[in-house]
Amino acid sequence: MNRVPSVAASYRHVSRISRRSGSNFYRSFWLLPRPKRRAMCAVYAFARITDDLGDCSEPAAHRAQWLQWWRQVTAENLSGNDPSGPLVFPDGLKSDSHRRTGKPAPIDLHRHAREILPALRDASTRYQIPSKYLLEIIDGVAADQQKTRFDTYEQLEHYCYLVASAVGLTCLHIWEYDAPLPVAAAIDCGLAFQLTNILRDISEDAQRGRIYLPRQHYQIHGLSEDDFLSPRPDDRLRCLVEDEIERARRLFESGWQVWDSLHPDGRPMFSMMWRTYRMLLDHIAEDPNAAVMRRVGLSRREKYSIVTKHFLPPLFRRLPVPPVEFHSHRVTES
């Protein structure tokens, strides 16, 4: 029952988790060679379980306890140098969970740790992924349990770093790069992606009582929390969204600099993600008021076009570098 699977069996397990997710992110893994694709599956499965803990319907105090145990077991098993050694399990999860909540965690964390960590540990060793980035992914989910408002842009930046940039820096180690690590560009790219998500999800987040755009920004436009929690077309909201779009565009441009350091086999996946999120931002920019009222997304045809251009090498080689969005943005500014 407590048997830890081999590294090979663990990779098969994380691949199943990734495949069953049906996410577009998983499909992009097939742009990578098999060893890097398996490593991405290990990271994805780890992040998936972390997100599931954060999204479960149990009280916040229980979620925080389970996330802390998950962080501890991850830290202890990524700190060693032997990727094939026995796993270490911190004490306390079962007894504390039953004593404090009367029931175990809704997700069998011991089982998931046994099944996921051998592959994650092997991938971390093989691609020299600093454990701090993986722990920061957990910290990002934990932060989402605690914060539903941000007073300043600096607070939002830190949150975006945890939930997006830390993932990007992890991916960079798997994709591989020419030293030095383009940290600043990778962080900006993660900020651009997450800020785009925030703009896309304004209405959905409001329904959950969450406001991610910082008070520092929306108060400048004469807006209050009520303007988000009961949104309606409003010139002040439109101006705020336009300001955030311009901020995101600058971050996208800075983030593209990651391209220059990437190894060739990592470039298609990075390009596909960058261009997908950048196109989404352009859709939000077409009608900022619509983004406030509903979730904006890409059409099936647009998604198919992006996928085709990255999975067919002749089409991928014809994509402009840097992307055409750089030039259109600069023409608009001038």
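These questions and answers walk through a predicted model.

Biologist: How are helices H3 and H8 oriented to each other, roughly parallel or roughly antiparallel?

Modeller: H3 covers residues 34-55 and H8 covers residues 153-175. Their axes lie 9 Å apart and pack at an angle of about 160 degrees. Angles over 145 degrees count as roughly antiparallel. H3 is therefore, relative to H8, roughly antiparallel.

Biologist: Is the crossing of H3 and H8 left-handed or right-handed, and which residues in H8 meet H3?

Modeller: The crossing of H3 and H8 is right-handed. On the H3 side, Lys36, Ala39, Met40 and Val43 take part. They meet these residues in H8: Thr170, Cys171, Ile174 and Trp175.

Biologist: How many residues of the contact of H3 with H8 are nonpolar?

Modeller: The contact of H3 with H8 includes Lys36 and Thr170. By class, one residue is charged and one is polar. The nonpolar residues number six.

Biologist: How are H15 and H17 oriented to each other, roughly parallel or roughly antiparallel?

Modeller: H15 spans residues 267-286, and H17 spans residues 300-311. The axes are 10 Å apart, at an angle of about 155 degrees. The cut-off for roughly antiparallel is over 145 degrees. H15 and H17 are therefore roughly antiparallel.

Biologist: Which residues in H17 meet H15?

Modeller: H15 passes H17 in a right-handed crossing. From H15 come Pro268, Ser271, Met272, Arg275, Thr276, Met279 and His283. Their partners in H17 are Glu302, Ile306, Val307, His310 and Phe311.

Biologist: How many residues of the contact of H15 with H17 are charged?

Modeller: Arg275 in H15 and Glu302 in H17 are among the residues that meet. The contact of H15 with H17 has six nonpolar and four polar residues. The charged residues number two.

Biologist: Is the pair of tyrosine 26 and phenylalanine 29 stacked or edge-to-face?

Modeller: The structure holds 18 aromatic pairs. In the pair of tyrosine 26 and phenylalanine 29, the ring centres are 5.7 Å apart and the planes stand at 80 degrees. Planes over 60 degrees apart count as edge-to-face. The pair is therefore edge-to-face.

Biologist: Are tyrosine 26 and phenylalanine 29 buried or exposed?

Modeller: The cut-off for buried is under 20% relative accessible area. Both tyrosine 26 and phenylalanine 29 are buried.

Biologist: How many residues apart are phenylalanine 193 and phenylalanine 252, which form an aromatic pair?

Modeller: The pair is tilted, with 5.9 Å centre to centre and 45 degrees between the planes. Phenylalanine 193 sits in helix H9 (residues 183-200), and phenylalanine 252 in helix H13 (residues 235-255). The pair links distant parts of the chain, and its separation is 59 residues.

Biologist: Which residues form one aromatic cluster with Phe193 and Phe252?

Modeller: Both phenylalanine 193 and phenylalanine 252 are buried. The other members of their aromatic cluster are Trp175, Trp256, Trp259, Phe270, Trp274, Tyr277, Phe316 and Phe326.

Biologist: Is aspartate 205 buried or exposed?

Modeller: Aspartate 205 lies in helix H10 (residues 202-207). Leaving out residues up to four places away in sequence, aspartate 205 touches Ile198, Arg210 and Tyr212. Its relative accessibility is 8%. Buried means under 20%, so aspartate 205 counts as buried.

Biologist: Where is glycine 297, and which residues is it in contact with beyond four places in sequence?

Modeller: Glycine 297 lies in the loop between helix H16 (288-293) and H17. With a relative accessible area of 46%, glycine 297 is partly exposed. Beyond four places in sequence, its contacts are Leu280 and His283.

Biologist: Which proline is joined to valine 321 by a cis peptide bond?

Modeller: One cis peptide bond joins alanine 179 and proline 180, with omega about 5 degrees. Proline 180 is in the loop between H8 and H9. A cis peptide bond with omega about 0 degrees joins valine 321 to proline 322.

Biologist: Is glutamine 128 buried or exposed?

Modeller: Glutamine 128 is in the loop between helix H6 (109-126) and helix H7 (131-146). Its phi is positive, near 50 degrees, though the residue is other than glycine. Its relative accessibility is 64%. The cut-off is over 50%, so glutamine 128 counts as exposed.

Conventions:
Residues are numbered from 1 along each chain as its sequence is written. This is a predicted model: local features need pLDDT of at least 70, side-chain atom pairs count only at pLDDT 80 or more; totals for chains, interfaces and linings use all residues. Side-chain values use heavy atoms; hydrogens and water are left out. Axes are lines fitted to C-alpha atoms, for helices over the stretch in contact, and angles run from 0 to 180 degrees between N-to-C directions. Helices (H or I, at least four residues) and strands (E, at least two) are DSSP runs, numbered from the N terminus. Angles under 35 degrees count as roughly parallel, over 145 as roughly antiparallel, 65 to 115 as roughly perpendicular and the rest as oblique. A crossing is left-handed if the near helix is turned anticlockwise from the far one by less than a right angle, and right-handed if clockwise. Contact means heavy atoms within 4.5 Å. Ala, Val, Leu, Ile, Met, Phe, Trp, Tyr, Cys and Pro count as nonpolar, Asp, Glu, Lys and Arg as charged, and the others, Gly among them, as polar. Rings of Phe, Tyr and Trp (its six-membered ring) pair if their centres lie within 6.5 Å; planes under 30 degrees apart count as stacked, over 60 as edge-to-face and the rest as tilted. Buried means under 20% relative accessible area, exposed over 50%, partly exposed in between (1.4 Å probe, protein chains only).
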